[in-house]
Amino acid sequence: MDKKWFDDMEASIPRGGVRTRFAPSPTGYMHVGGLRTALYAYLIAKKAGGAFILRIEDTDASRFVEGAVAGIYSALRGAGLEWDEGPQTGGPCAPYAQSKRRALYRPYADLLCERGYAYYCFCGHISRDERRDAQRPEQPSETRDPCRDTPREEAARRVSGGESHVIRMKAPREGTTSFRDEIFGDITVENTSLDDMVLIKSDGMPTYNFANVVDDHLMGVTHVVRGSEYLSSAPKYNLLYGALGWDAPVYMTVSPIMRDKRNKFSKRHGDATYDDLLAQGYMPAAIVNYIALLGWSPGGEREIFTLSELIKAFDVKGISKSPAIFDPEKLAYFNGSHIRSMTPDEFAAAAEPYIRRAVTSPDISVPEIAEILQPRCERLTEISEKIDFIERLPDYSLELFEHKKSKCDAAVALDMLLSALVVFQTAPDWARDTIRSELTALADSLGVKSSTLMWPVRIAVSGRAATPGGAVEICRILGRSETLRRVGAAIERLSSEVSI
């Protein structure tokens, strides 16, 4: 073994401060659980003034999905989780994709073989076990590999002769292995439950379980956030750390996100990915806020946080062992709260693509439409449906003019609209305040409540009983000419109805 190489590797490890990592495999879209893992790792690092590392774990080429790496970058950046070290950013531990770090893993696996903690396996069932062991969490096997007891000299001769092989960890057959998790506490397992997992595959690539141990050490990772499915792997990780003479990082295992009490939230079951939630009209800030609380409590009654506020509030002591149920209605509430916390300009920019799906006329003001939507919108995808009447007045029933609370029926509506038409024609300008004051003065002169006048105007200009803005706001957005046209059309229809 080249002692200087190992010494140089140790000397290059960043020391001091908190260093966390998010290490996804490029096997598909970012799912909600993965984003939560990234978020917790990010919050831990940022609160401590440390570094958040992104590492792409692409050792299994058979599971690679085209475009997945770009999707990981886009999702993290869209959520505000910018990495301090990683692909496209660089850092002292580059490269940050495991496929480009291939030369680093074999020396450590050979070192384990030399120390008696691993062995070379030449068995005919290699391909089957490789497929299983390449998966992240694996179930222990009840079988034991006969190559485990092959004399080291004979194994080394067969390796140097080019015989196909893998390298396996030599799990202890007696006693117990203990490890500590910051969330689940001290856990002890019987060593008989551990199998001899593959460390290096026959193609020379490491399995996930080995590569993440080596890379976490070489990158100076101090805290690891992971899903509960990895608890079964934790004893073997600790055995590897001990065999290599390394200190294990602090592990924090988070419980799964559930669709309901029995089923995990999973894309395989049709549950939404992060990109799906964006497509459904949820804001990145709201998604981040909501998933932060799926398994973590800040204490107290407060629920709405910005990312910077989450950094200040986050404490791993608030992470729960219990699974959290994903509630779309709760997410919609969070989304609406974040929409209303945006500045008018921020919301107008976010809403504009959705507004333009329903309103194409360049004469219609996007900011004015956004202004009436912001207090009444929970998801951006609702926007087009809420305002499609602006582009084209829908067919509507004259029964909409009937409104007991406003003391309005078809005859009253006709009278109100005839009077309003005159006001609209003679108003000195078409500013919102002018429209409001003119209609208020008209209601006073007619001796009716404001609602008795405003209700038929709203129906006439929108064809809807419920709109994101009131009669005044809608008239302003439509403009004087279109308002007059729609009110005139309503008068014509009501005149025919009332005369019958």
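Which residues of strand S2 point one way, and which the other way? I looked this up in a predicted model. Ala51 and Ile53 point to one side of S2 (residues 51–54), while Phe52 and Leu54 point to the other. I noted that all of them are buried.

**Entry 1: the surroundings of S2**

I then looked for the pairing of S2. Strand S1 (residues 19–22) pairs with S2 in the parallel sense, over four bridges. In this pairing I found arginine 19 opposite alanine 51. Following the chain, I recorded a right-handed β-α-β unit made by S1, helix H2 (residues 32–47) and S2.

**Entry 2: glutamate 85**

I located glutamate 85 in the loop between helix H3 (68–78) and helix H4 (102–115). Is glutamate 85 buried or exposed? Its relative accessible area is 8%, under the 20% limit, so I entered glutamate 85 as buried. Leaving aside residues up to four places away in sequence, I listed its contacts. Glutamate 85 touches Ala51, Phe52, Ile53 and Leu54, among others, and these are the residues of S2 whose directions I noted above. Arg19 is also among the residues that glutamate 85 touches, and arginine 19 is the residue opposite alanine 51. The list further includes Gly90, Gly91, Pro92, Cys93 and Tyr96.

**Entry 3: histidine 217 and helix H8**

I found histidine 217 in helix H7 (residues 208–218). With a relative accessible area of 12%, histidine 217 is buried. Beyond residues up to four places away in sequence, histidine 217 touches Glu10, Ile13 and Trp246. The side chains of histidine 217 and tryptophan 246 are joined by a polar contact of 3.2 Å.

I also checked histidine 217 against tyrosine 241: they are 24 residues apart in sequence, and their C-alpha atoms are 8.7 Å apart in space. Tyr241 is one of the buried residues of H8. Helix H8 (residues 234–244) is mostly covered, with eight of its eleven residues buried. Besides Tyr241, I listed Ala234, Pro235, Lys236, Tyr237, Leu240, Ala243 and Leu244 as buried. After H8 comes glycine 245, which has a positive phi near 75°.

**Entry 4: cysteines**

How many disulfides does the structure hold? I recorded zero. For cysteine 408, the closest cysteine sulfur is that of cysteine 475, 15 Å away; this is too far for a bond, because a disulfide needs the sulfur atoms within 2.5 Å. I noted cysteine 408 as buried, at 5% relative accessibility. Cysteine 377, at 0% relative accessibility, is buried as well.

Conventions:
Residues numbered from 1 in each chain as written. Predicted model: local features only at pLDDT ≥ 70, side-chain atom pairs only at ≥ 80, totals over all residues. Heavy atoms only, no water. Buried < 20%, exposed > 50% of the residue type's maximum accessible area, 1.4 Å probe, protein only. Helix = DSSP H or I, 4+ residues; strand = E, 2+ residues; numbered from the N terminus. Contact = heavy atoms within 4.5 Å. Pairing = 2+ DSSP bridges. Right-handed = clockwise from strand over helix to strand, strands pointing away. Polar contact = N/O pair within 3.5 Å; in protein donor to acceptor, adjacent residues only side chain to side chain.
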